[in-house]
Amino acid sequence: MTTALNRISHNRMFAGNHQRFSHHSDVNQCQMTFAIYQPDSVKDQALPVLYWLSGLTCNDENFSTKAGAQRVADELGMVLVMPDTSPRGDDIPDDSEGAYDFGLGAGFYVNATQEPYKKNYQMYDYITKELPSIIEENFNVTDKKSITGHSMGGHGAIICALKNPGMYQSVSAFAPISNPSNCPWGEKALTGYLGSNRGDWFAWDSVEMIKVLEGGDPFLELPLKVTQGLADNFLEEQLKPQALVDACETRGKELDYQGVEGFDHSYFFIASFIEEHLRFHRKYL
C-alpha cells in the first residue's frame, strides 16, 4: 500500500523542484519529514537517488538551503533525498536536560533498544527500509541509490552501507564521527539508545565494524570517499578520522580520504566540496 504523503512546501530551484513532505512512519511510530529535490529530467526518465544524512542539531532543511547541491544534481541527473535527523514531537522523548547531542535532532541513525527511546528512535530502519520504499513508491526513481552525510550523518551513511551489502552503489562522508564508541558524542548517544554494554555499540561503529570484516565482504569493494576539514574543532576529540583511515588500511579497504587545510565543521565546508562528492557518486549510479 502506498504511503500517504502530505506536502509541506514546494519551491522551484534551478531546473527542478524542491519539495518537503510529512508522513506517518510505521517504524518510528510518529510523523516524519523528508525533503526531495527532483531535476526536470525526472519527467522523462527514472533517475537514481543520493540520500543525504545530516548531523547533530540539523533537520532536512540545513542541507537543502546551505549546501547548493541542487545545481549539480540537475546537471548530473540525480534525485536528492534529505530526511530529518530524528523523530520529533511533543510526545517524543528528548534529553531531560535539553542537550543538543542526544534526543531530538540527534538520533544517531541507530535502532534504539532502551526505554523510553526504543518506541520511536528506529532511525536505522527508517533510513534503510521505510524511506527508500516510500521514495520508490511515490517518485520516478530507479532502484539505484548511494548515500552520504555530515558528522553524525557521515557516521550514519557509512554504517548503513556496512550493514547492507549491495544496497548502495557508493558511500561518502563529510567529517564523519568515525569511531563513536570511543568519543564523547558517541558514548553518550550509544549508552542512551543501546545501553551500557560497550560490546553492543560495536555493531554501530564504522571503525569497529571495518576492523573485523572478512575477505570477500562486499563493503571492501564499495567506493568510499571521506573529506575532513583540518581546522575542524571537533577533529581530535569527536571525529577521529585517523582511526577510520587505519581500520581501512588494516583490512585492505580502499578509501579516498582527503584532509583539507583551513576548513572547519560548518556548511561553508560542505558547500565547498559537495560538487566533488556528487560527481563521485554519479560515476557509480
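Visitor: Two strands pair if DSSP finds at least two bridges between them. Which residue stands opposite valine 79 in strand 5?

Guide: Valine 49 does. Strands are DSSP runs of E, at least two residues long, numbered from the N terminus. This is a predicted model, where local features need pLDDT of at least 70, side-chain atom pairs count only at pLDDT 80 or more, and totals for chains, interfaces and linings use all residues. Residues are numbered from 1 along each chain as its sequence is written, and side-chain values use heavy atoms, leaving out hydrogens and water.

Visitor: How many bridges join strand 4 to strand 5?

Guide: Three, and the two strands run parallel. Strand 4 covers residues 47-53.

Visitor: And strand 3, parallel or antiparallel to strand 5?

Guide: Antiparallel, with four bridges. There, tyrosine 37 has leucine 80 of strand 5 as its bridge partner.

Visitor: Why is strand 5 largely enclosed?

Guide: Because five of its five residues, 79-83, are buried (under 20% relative accessible area, 1.4 Å probe, protein chains only). Val79, Val81 and Pro83 cover one side, and Leu80 and Met82 the other. In a regular strand, side chains alternate between the two faces of the sheet.

Visitor: New topic. What does leucine 278 touch?

Guide: Leu80 of strand 5 is one of its contacts (heavy atoms within 4.5 Å). Others include Leu50, Ala69 and Val72, with residues up to four places away in sequence not counted.

Visitor: Back to strands. Which strand pairs with strand 1?

Guide: Strand 2, residues 16-25, over seven antiparallel bridges. Asparagine 11 stands opposite histidine 18 there.

Visitor: What about phenylalanine 14 in that hairpin?

Guide: Phenylalanine 14 takes a positive phi near 50 degrees. The hairpin has two residues between its strands.

Definitions and conventions
Buried means under 20% relative accessible area, exposed over 50%, partly exposed in between (1.4 Å probe, protein chains only).
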